[in-house]
Amino acid sequence: DNCGIDFASCKNVKLESVHVYHTTGMAIAVTNTENVYLNRVFISPRENSPMLMTATADCFHCISCTGEIVVTSSRFELSHDDSMNINSRFLSVTSNKGDTITVESMIVPVNVGDELELLSKSDLHVVGTVTVKAVKGNTLTCDGVTGDMSNCFAGNITNNAMLTVRNCFFGNKRNRGMLIQVRHVLIENCIFRNIVHGPIQVLCVPSSFGEGICPVDVTIRNNKFIGCAGTDVNVFSWAANGLVSVRDVSATTQYKHAQVLRVYDA
């Protein structure tokens, strides 16, 4: 929680020509914010610095943002955890009756008119899609509630930012380069170098953190992967009963010493 730069419930955030050399925690954290722009942001140690890490957590971490997240011409390296983790959190449904759904907590903002996709907790298949008509505490009145939805996750697919990452460098680190848990994503013309746990993971896992909704509409193109361990582009979902399908992901790459693209689809 000791973030170098932290934004919450903001609008139209822009960081340009910013250098973060070292921080204990997330280097940059953004939560529930509409429109985030990073250009020439360098999370990298000073030249000839003896420091072994830039951040003890993620370089750039976004939770349940809206609008667009655009990251260009930036550098992310030497973080202990992911270089970039972009996610939209799950709501956990506890009960439903008639046209109402009760969720465990409102960790994701929900507004009238938002569309929620409900997913089975056991295998992440889509149970249904509902539209919010009213919000009262943790109880949501919705159009489209059918059957028993008490054992579901609800992803707010309206409250979900579009992510573009272009012309960036990710490297020299133990964990992942990019962890993508949102929808409508473009990753292009980036370099991934010397990353131990895989450069790009596009995934849906109902973890204790509540990350994140099932990715849909993800394009990964014209990127270079150099000297990375793990799988360069790893696309999967993992529910309580194992691997399940991921929808609408395409990947074209410029490979140098690269490994095979693996797309898991049950």
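**The second largest pocket**

Start at the lining of the second largest pocket, which divides into 5 nonpolar, 2 polar and 2 charged residues. The model is a predicted one. Select Asp1, Cys3, Asp6, Met26, Ala29, Val30, Thr31, His61 and Ile63 to show that lining. The space in this second largest pocket comes to about 200 Å³. Two elements, β3 and β5, each give two or more residues to its lining. The top contributor is β3, with 3 residues.

**Methionine 26**

Stay at the pocket and pick methionine 26, one of its lining residues. Methionine 26 sits in the loop between β2 (11-20) and β3. Is methionine 26 buried or exposed? Its relative accessibility is 19%, so methionine 26 counts as buried; the cut-off for buried is under 20%.

Now show what surrounds it. Beyond residues up to four places away in sequence, methionine 26 touches Asn2, Cys3, Gly4, Ala57, Asp58 and His61. Draw a C-alpha to C-alpha distance from methionine 26 to histidine 61: it reads 7.1 Å, across 35 residues of sequence.

**Strand β5**

Histidine 61 takes you into strand β5, residues 60-63. Show the side chains. Phe60 and Cys62 point one way, His61 and Ile63 the other, and all are buried. Histidine 61 and Ile63 also line the second largest pocket.

Add the strands paired with β5. Strand β3 (residues 28-31) runs parallel to β5, joined by 4 bridges. Find threonine 31: its bridge partner in β5 is isoleucine 63. Next add strand β8 (residues 84-87), which pairs with β5 in the parallel sense, also over 4 bridges. Here phenylalanine 60 stands opposite methionine 84 in β8.

**Phenylalanine 60 and the cores**

Centre on phenylalanine 60. What is it in contact with, leaving aside neighbours within four places in sequence? The set is Ile28, Val30, Val36, Leu38, Ile69, Val71, Phe76, Ser83, Met84, Asn85 and Ile86.

Widen the view to the largest nonpolar core, which has 41 residues. Phe60, Ile69, Phe76, Phe170 and Phe192 have the most contacts inside it. Strand β4 (residues 34-43) gives the most to this core, with 4 residues. There is also a second, separate core of 16 residues. Select Val93, Ile101, Val103 and Leu118 to mark part of that second core.

**The largest cavity**

Go back to Cys62 in β5, which points the same way as Phe60. Cys62 is one of the residues that line the largest cavity. Complete the lining by adding Ser64, Cys65, Ile69, Ile86, Asn87, Ser88, Asn160, Ala161 and Val182. How many cavities of 30 Å³ or more does the structure hold? The count is 1. About 30 Å³ of space lies in the largest cavity. Its lining divides into 6 nonpolar and 4 polar residues, with no charged ones.

**Threonine 164**

Next select threonine 164, in strand β15 (residues 162-166). Threonine 164 has 19% relative accessibility and therefore counts as buried. Not counting residues up to four places away in sequence, threonine 164 touches Ile69, Val70, Val71 and Leu186. Ile69 has come up before: it lines the largest cavity and is among the residues with the most contacts inside the largest core.

**Strands β20 and β22**

Jump to strand β22, residues 233-239. The strand is mostly covered, with 6 of its 7 residues buried. Show strand β20 (residues 200-204) beside it; the two pair in the parallel sense over 5 bridges. Look for leucine 203, which stands opposite phenylalanine 236 in β22.

**Glycine 98**

For an exposed position, pick glycine 98. Glycine 98 is in the loop between β9 (90-97) and β10 (100-103). Why is it classed as exposed? Glycine 98 has 58% relative accessibility, so it counts as exposed; the cut-off for exposed is over 50%. Draw one more C-alpha to C-alpha distance, from glycine 98 to glycine 147: they are 8.9 Å apart in space and 49 residues apart in sequence.

**The whole chain**

Zoom out and colour by secondary structure. The chain comes to 0 helices and 25 strands. Of its 266 residues, 50% are buried. Finish with the contacts between residues at least 6 apart in sequence: 65% of them join residues at least 24 apart.

How values were computed
Residues are numbered from 1 along each chain as its sequence is written. This is a predicted model: local features need pLDDT of at least 70, side-chain atom pairs count only at pLDDT 80 or more; totals for chains, interfaces and linings use all residues. Side-chain values use heavy atoms; hydrogens and water are left out. On a 1 Å grid over the protein atoms alone, a cavity is a set of points where a 1.4 Å probe fits but cannot get out, and a pocket is an open set with protein on both sides within 12 Å along at least five of seven lines; lining residues have an atom within 4 Å of a point. Grid points are joined across faces, edges and corners, and a volume is the space filled by probe spheres set on the points. Ala, Val, Leu, Ile, Met, Phe, Trp, Tyr, Cys and Pro count as nonpolar, Asp, Glu, Lys and Arg as charged, and the others, Gly among them, as polar. Buried means under 20% relative accessible area, exposed over 50%, partly exposed in between (1.4 Å probe, protein chains only). Two strands pair if DSSP finds at least two bridges between them. A nonpolar core is a set of buried Ala, Val, Leu, Ile, Met, Phe, Trp, Tyr and Cys residues joined through side-chain atoms within 4.5 Å. Contact means heavy atoms within 4.5 Å.
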